[in-house]
Amino acid sequence: MVTAAQSPPLPRAGRLRHLGPNWYACVMGTAVVGSAGVALPGPAQGPRGAFAAVWALSLLLLVTLLAARAVHWSRHRDQARAHLLDPATAPFYGCLAMALLAVGGGALTAGRGLIGTRAAVALDAVLFTTGTAAGLGAAVAVPYLMAVRHRAEAAQATPVWLLPLVAPMVSAALGPLLVPYLPPGQPRETLLLACFALFGLSLLAVLLMLPLVFARLVTTGPLPLALTPTLFLVLGPLGQSTTAVALIADAAPGVVPPPYDRGLGVFAVLYGVPVMGFALLWLGLATAHVVRARRRGMGFTLSWWAFTFPVGTCVTGAAALARHTGLAVYGALAVGLYGVLVAAWLAAARGTVRGLLSGELLAAPRPAPVVLPSGTGRTTSGAVR
């Protein structure tokens, strides 16, 4: 994720050699701007045409990136294999699943007015199915590789390790959108309860991994400057799980029998309120680390996209709590966080465009010009480990 400064232009044949799976974060961060905007409380909603345009941009980015990654796998298999065997890069394969899911879910929320309900449902069905399969594969394969091939140490733990484990939670949050379009009866109930199972799968996996990340932070010290923005990734499972239980509860009446439908509504509040409280605590902690890193010279890398999608999930989570509790404070929180999301997207998009035009972001990673503590090294992605 660390890129070289003033790298020479790449030869045409090798421009995609170092295109890693972390690029899918650009798709996720763009899609959530449209989806989160549509989710804002009624009086705060902006022009739906603008949200649809942002979603369309995310769809274009997804198609372009899928094509570029296909070329990467066909022409640079050695580098693709190196990414899988790199403990700093392999977790980003979870971003592929989340990019597919984010664009698919956005089709039904932000993009439906642009392409029509029928096309939106069809597109979401394809992307949801593919993204869920990819997410479950990443949730199993990446931890397996970490155990048998990567052999990472506890001191190397970063929030990036959460990425493959969060992907099923995105499925849990976006699957309920498709429930009304299935035949009544068992098809609807099966999908809804499958989303609830994906919620539990991801939540328990994150609860196993998050203590490692926090322990590394407080015992080993702050993350390297370029990785500091990844602290915002912790917000992803928090905001997305709050969104998931709320949307599952919204879809439950008439799908699951009573009293389970009402129980899911109660659970959405009892779970979402404390989790959103912890999300705000972590937001303050992560922001303090980013301010510190910025003062010490943190420059732009693709890790800045960590400021977008996780914050977007907190927007949708806060908006869901506003709807379920009726409290204006959650509506105001959603609006405030959406302002942060838009500012973060503009900063990340600007840095990415500049990096692409200069060739820096597609150049081979080089060691950053800092003195590393003894015992640290660099992965093939350029990240400190």
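Begin by selecting His150, which is buried, with a relative accessible area of 8%; buried here means under 20% relative accessible area, exposed means over 50% and partly exposed lies in between, computed with a 1.4 Å probe on protein chains only. This is a predicted model, in which local features need pLDDT of at least 70 and side-chain atom pairs count only at pLDDT 80 or more, while totals for chains, interfaces and linings use all residues. Residues are numbered from 1 along each chain as its sequence is written, and side-chain values use heavy atoms, with hydrogens and water left out.

**Around His150**

His150 belongs to helix H6, residues 117-150, where helices are DSSP runs of H or I with at least four residues, strands are runs of E with at least two, and both are numbered from the N terminus. Show the side chain of His150 together with Leu84, and a polar atom of that side chain will be found 2.9 Å from the backbone oxygen of Leu84. If neighbours within four places in sequence are set aside, His150 is in contact with Leu84, Leu85, Asp86, Pro87, Ala90 and Leu145, contact meaning heavy atoms within 4.5 Å.

**The whole chain**

Zoom out to the protein chain, which has 12 helices and zero strands. Buried residues make up 51% of its 385 residues, and of the contacts with a separation of 6 or more, 81% are between residues 24 or more positions apart.

Colour the chain next by pLDDT, the predictor's confidence in each residue on a scale from 0 to 100; the mean is 89, and 90% of the residues reach 70 or more. Among the elements, helix H3 (residues 77-84) has the lowest mean pLDDT, 82, and H9 the highest, 98. Over residues 1-13 the pLDDT is below 50, although this stretch has 33 contacts in the model beyond near neighbours in sequence. Residues 368-385 also stay under 50, and for them the model has 36 contacts beyond four places in sequence. Where pLDDT is low, the predicted coordinates should not be read in detail.

**H1, H2 and H3**

Select H2, residues 48-75, whose end C-alpha atoms are 41 Å apart, in agreement with the 40 Å that its 28 residues should span at 1.5 Å a residue; the expected span is 1.5 Å times one less than the number of residues. The buried residues of H2 include Phe51, Trp55, Leu62, Arg69 and His72, and what covers the buried residues of this helix includes H1 (24-39), H3, H4 (93-109), H5 (112-115), H6 and H12 (328-358). Moving to H1, you will find that 15 of its 16 residues are buried.

In H3, pick Gln79, which is buried, with a relative accessible area of 9%. Gln79 touches Arg17, His18 and His72, not counting residues up to four places away in sequence. The C-alpha atoms of Gln79 and Gly20 are separated by 9.0 Å, although these residues are 59 residues apart along the chain.

**Two cysteines**

Show Cys26 and Cys95, which are both buried, at 9% and 2% relative accessibility respectively. The sulfur of Cys26 is 9.6 Å from the closest cysteine sulfur, that of Cys95, which is too far for a bond. With a disulfide taken as a pair of cysteine sulfur atoms within 2.5 Å, the count comes to zero.

**From the H9-H10 loop into H10**

Go now to Val255, in the loop between helix H9 (235-251) and helix H10 (260-295). Val255 is buried, with a relative accessible area of 11%, and apart from neighbours within four places in sequence it is in contact with Val179, Arg188, Glu189 and Leu192. Measure from Val255 to Gln186, C-alpha to C-alpha, and the separation is 8.3 Å for residues 69 apart in sequence.

Pro259 is found in the loop between H9 and H10, and the peptide bond to Pro259 from Pro258 is cis, with omega near 5°. H10 has 36 residues and reaches 51 Å from its first C-alpha to its last, close to the 52 Å expected at 1.5 Å a residue. Look along this helix for a kink of about 25° at Gly272, shortly before the proline Pro274; the bend at a residue is the angle between axes fitted to the seven residues ending there and the seven starting there. Finish at Gly297, which follows H10 and has a positive phi, near 100°. Most residues other than glycine have a negative phi, and most peptide bonds are trans.

Key:
Polar contact = N/O pair within 3.5 Å; in protein donor to acceptor, adjacent residues only side chain to side chain.
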